[in-house]
Amino acid sequence: MRQWITRRSPPSGRPPFSPQNPANSATTMLAHTHLTPTAPPSHASRGGGGVEFRRKLHFLSAELHLDPFPLLALHPALRSAPLPLLEDSLRLLTSHGLSSRDAARVFSAFPSLLTSPPEVPLRFLSADAPLPPPLLRTAVVRSPRLLAASVPDTLSPALRFLRRRVSLRREPLPLAAALLLAFSVERTLLPKLLFLRDATGLPDPAVCAVLRRAPAILSYGIETNLTPKLLFLSERMGRDPAAELAEFPHYFAFSLEGRIRPRHEALRGVEMSLKDMLTSNDDEFRERLLDATLSPTKARL
């Protein structure tokens, strides 16, 4: 059966579409398509471009000596933040004794502080802790997290823990204790205290006495530092952890593989206190070891 195809004629005045005439077809399509004119991109759509944006780049690179583009990637709010806000953040830190280089170290670690000046943490650290300007500067440079931490959630509970639970009454706080203010009580500080109490058998007052003399213990990892060193002290060295820590709580500050183990193996049965064994340099340690080795011979002579 034959099939007939009826060709429809185009409306008058409109040429038919023809693959052999692409120019003609393109012209026809554009003529009957209504497009909204595209506006030129604004400064905001370009991520804060223009003169103001270039001034911010100059401030970050020339004043703070920082590469601005990684900061913009980490903290996109910098693109739209006004330059005076960034300058206020720098001025706030320098007014508390930090240099521009110190401030750059802080902003590099926490770019958000450029757009959120840490007035509340600085007020707490300088007035409530309290840390005098030289100590405040050293603590903030060592731990910029102090300025990014929440006062009600972190700084204030940590200070209460040190003052009340550990009974650390010294004012100002020692640097090692000031650095602990950036740690969570529930997740970090309290678990370390309870671990030392259970692992050594020392009562709470004795553990707190150890921590008052060496607050940095509360920043050491339980699995990576405290546990292996306590096991080495008791099993390999044959010493009582409770008695040794009460006498020398800074034991945990020394490297197990770099200092503790090599010095212990060098003793070869010679008795020496942990303090004498670990705090002396290599020459002093050899002299003490030689003296301890010759002492029985001298006594017999």
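Select Pro172 to begin: this proline sits in the loop between helix 10 and helix 11 (175-179), where helices are DSSP runs of H or I with at least four residues, numbered from the N terminus. Turn to the bond that precedes Pro172: the peptide link from Glu171 is cis, with omega near -5 degrees. A word on the model before moving on: it is predicted, so local features need pLDDT of at least 70 and side-chain atom pairs count only at pLDDT 80 or more, while totals for chains, interfaces and linings use all residues. Residue numbers start from 1 along each chain as its sequence is written, and side-chain values use heavy atoms, with hydrogens and water left out.

Stay in this loop and pick Ser167, which also lies between helix 10 and helix 11. Its phi is positive, about 60 degrees, although Ser167 is not a glycine. With a relative accessible area of 30%, Ser167 is partly exposed (buried means under 20%, exposed over 50%, partly exposed in between, using a 1.4 Å probe and protein chains only).

Next, go to Pro130, in the loop between helix 7 and helix 8. Here is another cis peptide bond, joining Ala129 and Pro130, with omega about -25 degrees.

Now colour helix 7, residues 119-128. Which of its residues are buried? They are Pro121, Leu122, Phe124 and Leu125. Look down the axis of helix 7: the buried residues fall within an arc of 160 degrees, so they line one face of the helix. That arc is taken from the directions from the helix axis to the C-beta atoms. As background, an α-helix has 3.6 residues a turn, so residues three or four places apart point the same way. Show the neighbours too: the buried residues of helix 7 pack against helix 4 (83-94), helix 8 (133-142), helix 9 (145-148) and helix 10 (151-165), with contact meaning heavy atoms within 4.5 Å.

For a helix pair, select helix 12 (residues 185-200) and helix 13 (residues 204-213). Their axes come within 10 Å and cross at roughly 120 degrees; axes are lines fitted to C-alpha atoms over the stretch in contact, and angles run from 0 to 180 degrees between N-to-C directions. Helix 12 and helix 13 are therefore oblique to each other (under 35 degrees counts as roughly parallel, over 145 as roughly antiparallel, 65 to 115 as roughly perpendicular, and the rest as oblique). Show side chains for the contact: Leu193, Leu196 and Arg197 come from helix 12, and Asp204, Val207, Cys208 and Leu211 from helix 13.

Move along to Pro249, in the loop between helix 15 (241-247) and helix 16 (256-267). Is Pro249 buried or exposed? Its relative accessibility is 1%, and Pro249 counts as buried. Leaving aside residues up to four places away in sequence, Pro249 touches Val210, Arg213, Ala214 and Ile217. Try a distance label on one of these: the C-alpha atoms of Pro249 and Ala214 are separated by 6.1 Å, with their positions 35 residues apart along the chain.

The last local stop is Arg268, in the loop between helix 16 and helix 17 (274-279). Arg268 has a positive phi of about 50 degrees although it is not a glycine, and Arg268 is exposed, with a relative accessible area of 77%.

Finally, zoom out. The protein has 18 helices and zero strands, and buried residues make up 41% of its 301 residues.

How values were computed: Helix = DSSP H or I, 4+ residues; strand = E, 2+ residues; numbered from the N terminus.
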